[in-house]
Amino acid sequence: MSLNIFATFWAVSVLFVITPGADWAYAVSAGIRGRRIVPAVTGMLGGHLIATLIVAAGMGKLIVGVPGVISVLTIVGAGYLLWLGVGMLRYPEVPATGDDGDDAGSWMKWAIKGFYISGLNPKVFLLFLALLPQFTDVRSAWPLPVQMSALGLIHVLSCCVVYLIVGYSARAVLQTRPQTAQRVSRVSGGLMIVIAVILLVEAAPYP
């Protein structure tokens, strides 16, 4: 694969990553809690990585080809986002103080939530299915699954950089502003609810 292909895909990938969505909202929420940023981002990257490997292995087309699978995945993902969004509206995050970020199990909890947010998002699978094949080269010495995996890793790296910037920026701006942090947390929760509703509308069967 040529360097131009990697560079072009990276540019397209960044355009998608810098678009605010559920991942951004979760990164902001983690930033408000301070030390939750790394586990939250790690979990989201895990979801993107699994989606990459599934598509690269050829299972992505199989999933899309089976009637109802994407709809079920969409409903489950939307339900999870709805649950998280309502929780953030009811109990908005506040800046952590002292050793608040070190409570037992918190690292794993935030990582698992992040994994579910990206891993249950059908948009991630559809994005990879639409993009990855377009940037592969059948004449390349690299097998197609390897090419797709390499491109997917570039996307994961872009996500890592952007989500960390979002999380740490939220931490720097909101750590000493608890009231503002609560408002931003509620906005993030509201954004998750809106995204969940949009996903449910898209999954609804048309008459």
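This briefing describes one helix, the internal and open spaces, and a surface patch of the structure shown above. The model is a predicted one. Its single cavity of 30 Å³ or more is described alongside the largest pocket, which holds about 460 Å³ of space. A nonpolar patch on the surface, to which helices H3 and H6 each supply at least two residues, completes the account.

**Helix H3**

- Helix H3 covers residues 37-56 and has 20 residues.
- From its first C-alpha to its last, H3 reaches 28 Å, which is close to the 28 Å expected at 1.5 Å a residue.
- Gly-58, just after H3, takes a positive phi of about 90°.

**The largest cavity**

- The structure holds one cavity of 30 Å³ or more, and the space in the largest cavity is about 50 Å³.
- The lining of this cavity consists of Ala-22, Gly-77, Tyr-80, Leu-81, Tyr-116, Ile-117, Leu-120, Asn-121 and Leu-199.
- Two or more lining residues come from each of helix H5 (69-90) and helix H6 (106-119).
- Helix H5 gives the largest share of the cavity lining, with three residues.
- In character, the lining of the largest cavity comprises seven nonpolar residues, two polar residues and no charged residues.

**The largest pocket**

- About 460 Å³ of space lies in the largest pocket, and 19 residues line it.
- Phe-16, Thr-19, Gly-21, Asn-121 and Lys-123 are the lining residues closest to the centre of the pocket.
- At least two residues of the pocket lining are supplied by each of helix H1 (3-17), helix H2 (22-32), helix H7 (122-131), helix H8 (144-174) and helix H9 (178-203).
- The pocket lining divides into twelve nonpolar, five polar and two charged residues.
- Asn-121 appears in the lining of the largest cavity and also in the lining of the largest pocket.

**The nonpolar surface patch**

- Leu-49, Ile-50, Leu-53, Met-108, Ile-112, Phe-115, Tyr-116 and Leu-153 form a nonpolar patch on the surface.
- Together, these patch residues have about 690 Å² of accessible area.
- Helix H6 provides the largest share of the patch, four residues, and Ile-112 lies in this helix.
- An α-helix has 3.6 residues a turn, so residues three or four places apart point the same way.
- Tyr-116 belongs to the nonpolar patch and also lines the largest cavity.

Technical notes: Residues numbered from 1 in each chain as written. Predicted model: local features only at pLDDT ≥ 70, side-chain atom pairs only at ≥ 80, totals over all residues. Heavy atoms only, no water. Expected span 1.5 Å × (residues − 1). 1 Å grid on protein atoms, 1.4 Å probe; cavity = no way out; pocket = protein on both sides within 12 Å on 5 of 7 lines; lining within 4 Å. Points joined across faces, edges and corners; volume = space filled by probe spheres on them. Nonpolar A, V, L, I, M, F, W, Y, C, P; charged D, E, K, R; others polar. Patch = residues over 30% accessible without salt bridge, like charges linked within 9 Å, V, L, I, M, F, W, Y side chains within 5 Å. Areas by Shrake-Rupley, 256 points an atom, 1.4 Å probe, with all protein chains shown as cover. Salt bridge = Lys/Arg side-chain N within 4 Å of Asp/Glu carboxyl O.
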